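I opened the file and kept notes as I went. The entries follow the order in which I looked things up.

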Amino acid sequence: LALMSLLLRGGNKLLAPGAGGVLGLPCLASLSRLPAAPSALVRPLSTPAASQASSFDAPSSSSSSSSSDAQAADCPAPGVRDAERFRLTPSTEFWRTWDPRQDVPSARALVAHALTELTGAGEGGRTSQRYFASHLLRTSAFASLGAAGFLTHAATSAMRMTTPAGPTIAQPTPAALADAGYRALLEALAAYRQDGRRVAAGEYAFPWDMESSRHPQYRGVLRKAARFMFEATQTLRRRRAAEPDNLWVRGSVYPEYYKNTYHYQTDGWLSTHSSEVYETSTESLFVGRQDAMQRLVLPPLMDHLANVAGRGASDVQQDQHSPPRVLELACGTGRLGTFVRDNLPYAEYHAVDLSPFYLERARSNHRAWEKLRGAKLARGAAGAHFYHDSIERVPDELARVLGDDGGWFDAVYCVYTFHELPMEAREAAVRTMFQALKPGGVAVLVDSIQLGDREPLDRSIGRFGDFNEPHYRGYISTDLGALFERAGFACVEKEMNSSSKRLSFMKPTT
């Protein structure tokens, strides 16, 4: 709050380039285009935006790019092609042009909005006050933890008597870190405004993890922080040396791409340690806004299941007589699935993941939700079902239980996975979605933004591929709409929130 007040009162002097500011940071982006009405960010436009030509610079990298990336550079960016296929929400246009290096007055207006909501005098009333209070506390905690992890890495690196062999990745300067931190704060505020308005409007439930002090995330905080500090120093050391951790397990059970230790993390996806530190690590990277971005998946799920039942969303939430079936592909730790079940407590929830360690973590998270939110469940209500399998095919056990004909689910979704898959695996995952859905069912994909989604970031977005993400540059150049259309889907809607995008698709009824 002290930092926000300082920026609100003296942001121009502090941040404007050439003005002798304390940090000497670039100016920040215009936020004045963000609509003021609570429903403005979620109301779809009547028609897709007109297609327009766009050029972009191929991101620089110390590693080689695939041939598919080179070919994609001759085509319009995926963000441009999306406008030809999808209905666009107003938030998509806002994020497309927002550059967090321009227009300090508008950035200060965003800070003022957060402060106003904190007082309870904002447009969202008491709900927004609770929302912003909990989420700004969340951002403060994860930003502090991330900074502490970096400082610990810097201190331990300075104490080492040797330097990594071979080429190393340059360390960021303090000014660059301060710039990144400030921009991350603005990203979080804008993400919270978009997510918070939906919560205040009752489009989906108040985040359940913020309503109970007994949520698992509040237990063992010091132990989790210590685990993260250790993991952060190891991850940053490997990244600096460009030397990933060697995976401890061998064999042909897992596909080759899955054996990569993404993000230079310890053990890749294949250990209890990895599953226990994952949520803390990713939220520290996103300074607490990951949940808000992942909740992009909720609106199309809620809207579609309400339409299928011919009732309002609130009725669907109460329905236990004809429960919808929902499938999550690559469920990870299961945290997002608990938000889905909190909004659809009577849905029959199924989840697939290839890591037994992450499935165990997912089971624990869902059990915690069932224990703390048991009032939402009734006797005989559908529960959660977990499958240890690849998302490149329908699990044999699922087909055995539900039948061999396919078409079992009203909705299928996948979050933060496609950017880690090679193209052939992406195509197989889309076929799985299509086979699993009932005719008229909805498929929802939430993942990283791509080239053309946020034009000011096109020059730098590909650098995330340097974080041991071998398929990321191919992903950001991939036309996802065309990929799903080839499998038989119809494109429906696109929405963005910060560094994430959501695309929804429909399986035709005929």
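**Entry 1: His304.** I started with His304, in a model that is predicted, not experimental. I placed His304 in helix α11, which spans residues 298–309. Is His304 buried or exposed? Its relative accessibility is 10%, and the cut-off for buried is under 20%, so I logged His304 as buried.

Next I checked polar partners. A polar atom of the His304 side chain lies 3.4 Å from the backbone oxygen of Asp410. The His304 side chain also reaches the backbone oxygen of Gly440, again at 3.4 Å. I then listed contacts, leaving out residues up to four places away in sequence. His304 touches Asp410, Gly440, Gly441, Val442 and Met506.

**Entry 2: second largest pocket.** I moved on to the second largest pocket and noted a volume of about 570 Å³. Its lining holds 21 residues. Which of them lie nearest the centre? I found Arg138, Ala141, Phe142, Gln217 and Tyr218 there.

I sorted the lining of this pocket by helix. At least two residues each come from α6 (125–159), α8 (221–241), α9 (272–285) and α14 (356–372). Helix α6 gives the largest share, six residues. By type, I wrote down nine nonpolar, five polar and seven charged residues for the lining of the second largest pocket.

**Entry 3: aromatic pairs.** How many aromatic pairs does the count come to? I recorded 23. I looked closely at Tyr264 and Phe467. Their ring centres are 5.8 Å apart and their planes stand at 90°, so I filed the pair as edge-to-face. This pair links distant parts of the chain, with the two positions 203 residues apart. Tyr264 sits in the loop between α8 and α9, while Phe467 sits in the loop between β6 (437–448) and α17 (472–476). I marked both Tyr264 and Phe467 as buried.

I took Phe484 and Phe489 as another example. This aromatic pair is tilted, with 5.5 Å from centre to centre and 55° between the planes. Phe484 and Phe489 are both buried. I also traced where this pair belongs. Phe484 and Phe489 are part of one aromatic cluster, together with Phe86, Phe418, Phe434 and Phe505.

**Entry 4: cavities.** I searched for cavities of 30 Å³ or more and found three. The largest cavity has a volume of about 40 Å³. What lines the largest cavity? I listed Trp208, His215, Pro216, Glu279, Arg335, Thr338 and Asn365. I split that lining into two nonpolar, three polar and two charged residues.

**Entry 5: helix α13.** Two names from the cavity lining, Arg335 and Thr338, sent me to helix α13. Helix α13 covers residues 335–343 and is mostly covered, with nine of its nine residues buried. I noted that the buried residues of α13 include the charged Arg335, Arg341 and Asp342. Leu336, Phe339 and Val340 are among the buried residues of α13 too.

**Entry 6: whole chain.** I finished with totals. I counted 18 helices and eight strands in the protein. Of its 510 residues, 55% count as buried. I then checked contacts with a separation of 6 or more. Residues 24 or more positions apart account for 78% of those contacts.

Notes: Residues numbered from 1 in each chain as written. Predicted model: local features only at pLDDT ≥ 70, side-chain atom pairs only at ≥ 80, totals over all residues. Heavy atoms only, no water. Helix = DSSP H or I, 4+ residues; strand = E, 2+ residues; numbered from the N terminus. Buried < 20%, exposed > 50% of the residue type's maximum accessible area, 1.4 Å probe, protein only. Polar contact = N/O pair within 3.5 Å; in protein donor to acceptor, adjacent residues only side chain to side chain. Contact = heavy atoms within 4.5 Å. 1 Å grid on protein atoms, 1.4 Å probe; cavity = no way out; pocket = protein on both sides within 12 Å on 5 of 7 lines; lining within 4 Å. Points joined across faces, edges and corners; volume = space filled by probe spheres on them. Phe/Tyr/Trp six-rings, centres within 6.5 Å; stacked < 30°, edge-to-face > 60°.
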